[in-house]
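Please read the following report alongside the sequence and the coordinates. It moves from the strands to the helices, then to the packing of side chains.

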Amino acid sequence: MMSNATPTACLALADGRIFKGYGFGATGTTTAELCFNTAMTGYQEIMTDPSYAGQVVTFTFPHIGNTGITPEDDEASEPVASGMVVKWDPTEPSNWRSAGELGDWLARHGRIGIGGLDTRRLTRAIREQGAPHVAMAHDPEGKFDIEALVAQARAFPGLVGMDLAKEVTCAQSYRWDEMRWAWPEGYTRRTTPGHKVVAVDFGAKRNILRCLASAGCDVTVLPATATAEEILAHEPAGLFLSNGPGDPAATGEYAVPMIREVMERRPRMPIFGICLGHQLLALSLGAQTQKMGHGHHGANHPVKEHATGKVEITSMNHGFTVNTQTLPAGVEESHVSLFDGSNCGIRMTDRPVWGVQHHPEASPGPQDSFYLFERFVEAMDRAA
């Protein structure tokens, strides 16, 4: 894009700072919380991860869009993140798997993209002051009401106290049997019997469900608002609590009573939570969660497991964290971030109940964290 071209997109922060660039994807305006993601690959998986509901993602890696779009990489049926900010405008895709262009895909789904911004400066602002509220606009004619955009950014309520799981969960229950992608077959179906697992969908990524199926689970997915009665009616051997967006304390208003009732009625049943599911599990056990400054969003986060001393390279996507100081007796920290010492896992000391903050299904290691799914199946083997 030529330096003297008229900007066609604008990003307004609630503190009044303005960033102008060049729009792609949909036109219009959106408001959200702004975060940054340091991953070098996986932009389509990131944009379709339901955990990004209510957020605009700044990609720190400049080459975004170069490999195009392929339906096989969707983590949900459509983009969930509110928009994206990139350093360079997306180029024509160059990849044998590409089935379309990033800009066209965003436009079809009503998502705005902005290129040509100084993403380093923007990332520094997020790191120094926390994730800001923003308004983002794309107008091909380059006409923007800056005061109105700043006012919209300031009016955004923020994610604290916001229950977004209900907005991204499934409408009804369904079975899942697709397994992880493997060369040369691609995605295959599970045909052998497995442990019956109920997965509660607070915004579940498809690859989490694939990992459960590949590890040996016969998966039934239920909506976020499922009751303990509805879950136990399936006679599961294990309960899985998925990732998802928003404030865990808000979603916990209905999820925590469900989890506690399941644990009371089936005290020996293995329970495994990831991301929001991990936070909801912690709340159910009596711990507390809190908002982070800018959160963790990337694919190179080192996490240490206390019991083994093993360090895993993990994928992260969360803006809230479990406060380790509030863990009650009988619950211990199992994993910790080596970046900032924040909690990345908990476990009960006397029951097969645990959760992790990172995303083992995203496989940046690439196989560092798959043992967590195998451990879940092994716990169900022992409980059988």
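## The barrel and the helices across it

Across which strands does helix H4 lie? In this predicted model, helix H4, made of residues 146-155, lies across S1, S2, S3 and strand S7 (133-138), and the angle at which H4 runs to S1 is about 50°. Helix H3 (residues 119-129) lies across strand S1 (9-13), strand S2 (18-25), S3, S4 and strand S5 (83-85), and runs at about 75° to S3.

The strands themselves belong to a closed barrel of seven, with mixed pairing, in the order S1-S2-S6-S5-S4-S3-S7. From one strand to the next, the twist averages 35°. Within this order, strand S3 (residues 28-37) and strand S4 (residues 55-59) are paired in the parallel sense over five bridges, and glutamate 33 stands opposite glutamine 55, which is in S4.

## Helix H6 and its cover

Helix H6, which spans residues 206-215, is mostly covered, with eight of its 10 residues buried. The buried residues are Asn207, Ile208, Leu209, Arg210, Cys211, Leu212, Ala213 and Ala215, so that the list takes in Arg210 and Asn207 alongside Ile208 and Leu209 under the cut-off of 20% relative accessible area.

The cover over these buried residues of H6 includes strand S8 (174-176), S9, strand S10 (217-223), S11, strand S12 (271-274) and H10. After H6 comes glycine 216, which has a positive phi, near 120°.

## Two nonpolar cores

The largest nonpolar core has 34 residues, of which Phe202, Ile231, Leu239, Leu241, Met258 and Val262 touch the most other members. At least two residues of this core come from each of strand S9 (195-201), helix H7 (228-232), strand S11 (238-241), helix H8 (248-265), helix H9 (276-284) and strand S16 (343-348). The element that gives the most to this core is H8, with seven residues.

Separate from it is a second core of 28 residues, and among its members are Val197, Cys217, Val219 and Val221.

## Helix H10 and its aromatic contacts

Helix H10 (residues 371-383) has 13 residues, and because a span of 18 Å is expected at 1.5 Å a residue, the 18 Å between its end C-alpha atoms agrees with that expectation. Buried in H10 are Tyr371, Leu372, Phe373, Phe376, Val377, Ala379 and Met380. Phenylalanine 376 has 0% relative accessibility and therefore counts as buried.

The structure holds eight aromatic pairs. In one of them, the rings of phenylalanine 272 and phenylalanine 376 have centres 5.6 Å apart and planes at 55°, so this pair is tilted. Because phenylalanine 272 lies in strand S12 and phenylalanine 376 in helix H10, the pair ties together parts that are 104 residues apart in sequence. Both phenylalanine 272 and phenylalanine 376 are buried.

Phenylalanine 376 also forms an aromatic pair with tryptophan 354, and this pair is edge-to-face, with 6.3 Å from centre to centre and 85° between the planes. Here too distant parts of the chain are linked, since tryptophan 354 is in strand S17 (residues 353-356) and phenylalanine 376 in helix H10, 22 residues apart. The relative accessible area of tryptophan 354 is 10%, so tryptophan 354 is buried. Phe272, Trp354 and Phe376 belong to one aromatic cluster, together with Phe240, Phe370 and Phe373.

Notes
Residues are numbered from 1 along each chain as its sequence is written. This is a predicted model: local features need pLDDT of at least 70, side-chain atom pairs count only at pLDDT 80 or more; totals for chains, interfaces and linings use all residues. Side-chain values use heavy atoms; hydrogens and water are left out. Two strands pair if DSSP finds at least two bridges between them. Helices (H or I, at least four residues) and strands (E, at least two) are DSSP runs, numbered from the N terminus. Axes are lines fitted to C-alpha atoms, for helices over the stretch in contact, and angles run from 0 to 180 degrees between N-to-C directions. Contact means heavy atoms within 4.5 Å. The expected span of a helix is 1.5 Å times one less than its number of residues. Buried means under 20% relative accessible area, exposed over 50%, partly exposed in between (1.4 Å probe, protein chains only). A nonpolar core is a set of buried Ala, Val, Leu, Ile, Met, Phe, Trp, Tyr and Cys residues joined through side-chain atoms within 4.5 Å. Rings of Phe, Tyr and Trp (its six-membered ring) pair if their centres lie within 6.5 Å; planes under 30 degrees apart count as stacked, over 60 as edge-to-face and the rest as tilted.
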